[in-house]
Amino acid sequence: MKHTAFAIFILLMLIGNGFALFKMFTEKQEFLSKFPRLSEQAFHLFRLLPLLNIAGLAGLWFYQTWAVWLSIVCGLAVIIFDLYFGIYYHLYVAIISTAILFCFIFRYWNAFK
């Protein structure tokens with residue numbers, strides 16, 4: 001049984017991560033010039049986070065336990081990367097969306113296999 005608010009939130013997160021993935025693969029130089037602490041190697045690692053988030057969100061859609069842990073790790077990793085590299089405009093969205101995700105996971109914990 002899908003919980004409507006949870007399903008809508010996951011769909012919105014999938015759209016957001018898809019957009020982030022598109023931006024990170026098409027505007028690499030803009031990221032590197034806008035955030036000087038972000039190195040080339042760190043950017044490649046940072047670019048994988050939306051892919052991992054999408055995989056975790058897909059698993060959450062089907063209430064898989066592994067997806068809970070992947071989503072928690074990815075959410076915290078995005079916040080840490082944003083803080084470390086000074087990507088403050090995204091930090092607000094990352095903290096709020098991760099907190100909402102934690103609330104949904106806690107609320108529907110028994111639904112996960």
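**Around Val68 and helix 4**

Tutor: Setting aside neighbours within four places in sequence, Val68 touches Leu60, Ile105, Trp109 and Phe112, and I should say at the outset that we are looking at a predicted model.

Student: OK, and where does Val68 sit, and is it buried or exposed?

Tutor: Val68 belongs to helix 4, and because its relative accessibility is 0%, under the 20% cut-off, it counts as buried.

Student: How far is its C-alpha from that of Ile105?

Tutor: The two C-alpha atoms are separated by 7.2 Å, although Val68 and Ile105 are 37 residues apart along the chain.

Student: Which other residues of helix 4 are buried?

Tutor: Besides Val68, the buried residues of helix 4 include Ala67, Ser71, Ile72, Cys74 and Gly75, and towards the higher numbers Ala77, Val78, Ile79, Phe81, Asp82 and Phe85 are buried as well.

Student: What covers them?

Tutor: The cover over the buried residues of helix 4 includes helix 3, residues 40-61, and helix 5, residues 88-107.

Student: What span should helix 4 have, and how far apart are its ends?

Tutor: Helix 4 runs over residues 65-85, which is 21 residues, so at 1.5 Å a residue it should span 30 Å; the C-alpha atoms at its ends are 31 Å apart, in agreement with that expectation.

Student: And what does the backbone do just after helix 4?

Tutor: Gly86, which comes just after helix 4, takes a positive phi of about 75°.

Student: Switching to aromatics: how many pairs are there in the whole structure?

Tutor: A search of the whole structure gives 15 aromatic pairs. One of them joins Trp69 and Trp109 in an edge-to-face arrangement, with 6.0 Å centre to centre and 80° between the planes.

Student: Which parts of the chain does that pair tie together?

Tutor: Trp69 lies in helix 4 and Trp109 in the segment after helix 5, so the pair links parts that are 40 residues apart in sequence. Trp109, which is also one of the contacts of Val68, is partly exposed, with a relative accessible area of 40%.

Student: Which residues make up the aromatic cluster with those two?

Tutor: Trp69 and Trp109 share one aromatic cluster with Phe6, Phe9, Tyr63, Phe104, Tyr108 and Phe112, and Phe112 is again a contact of Val68.

Student: Last topic, the surface: which residues form a nonpolar patch?

Tutor: Ile8, Leu12 and Ile15 form a nonpolar surface patch, and together they have about 320 Å² of accessible area. Leu12 lies in helix 1, residues 4-26, and because its relative accessibility is 54%, over the 50% cut-off, it counts as exposed.

How values were computed: Residues numbered from 1 in each chain as written. Predicted model: local features only at pLDDT ≥ 70, side-chain atom pairs only at ≥ 80, totals over all residues. Heavy atoms only, no water. Helix = DSSP H or I, 4+ residues; strand = E, 2+ residues; numbered from the N terminus. Expected span 1.5 Å × (residues − 1). Buried < 20%, exposed > 50% of the residue type's maximum accessible area, 1.4 Å probe, protein only. Contact = heavy atoms within 4.5 Å. Patch = residues over 30% accessible without salt bridge, like charges linked within 9 Å, V, L, I, M, F, W, Y side chains within 5 Å. Areas by Shrake-Rupley, 256 points an atom, 1.4 Å probe, with all protein chains shown as cover. Salt bridge = Lys/Arg side-chain N within 4 Å of Asp/Glu carboxyl O. Phe/Tyr/Trp six-rings, centres within 6.5 Å; stacked < 30°, edge-to-face > 60°.
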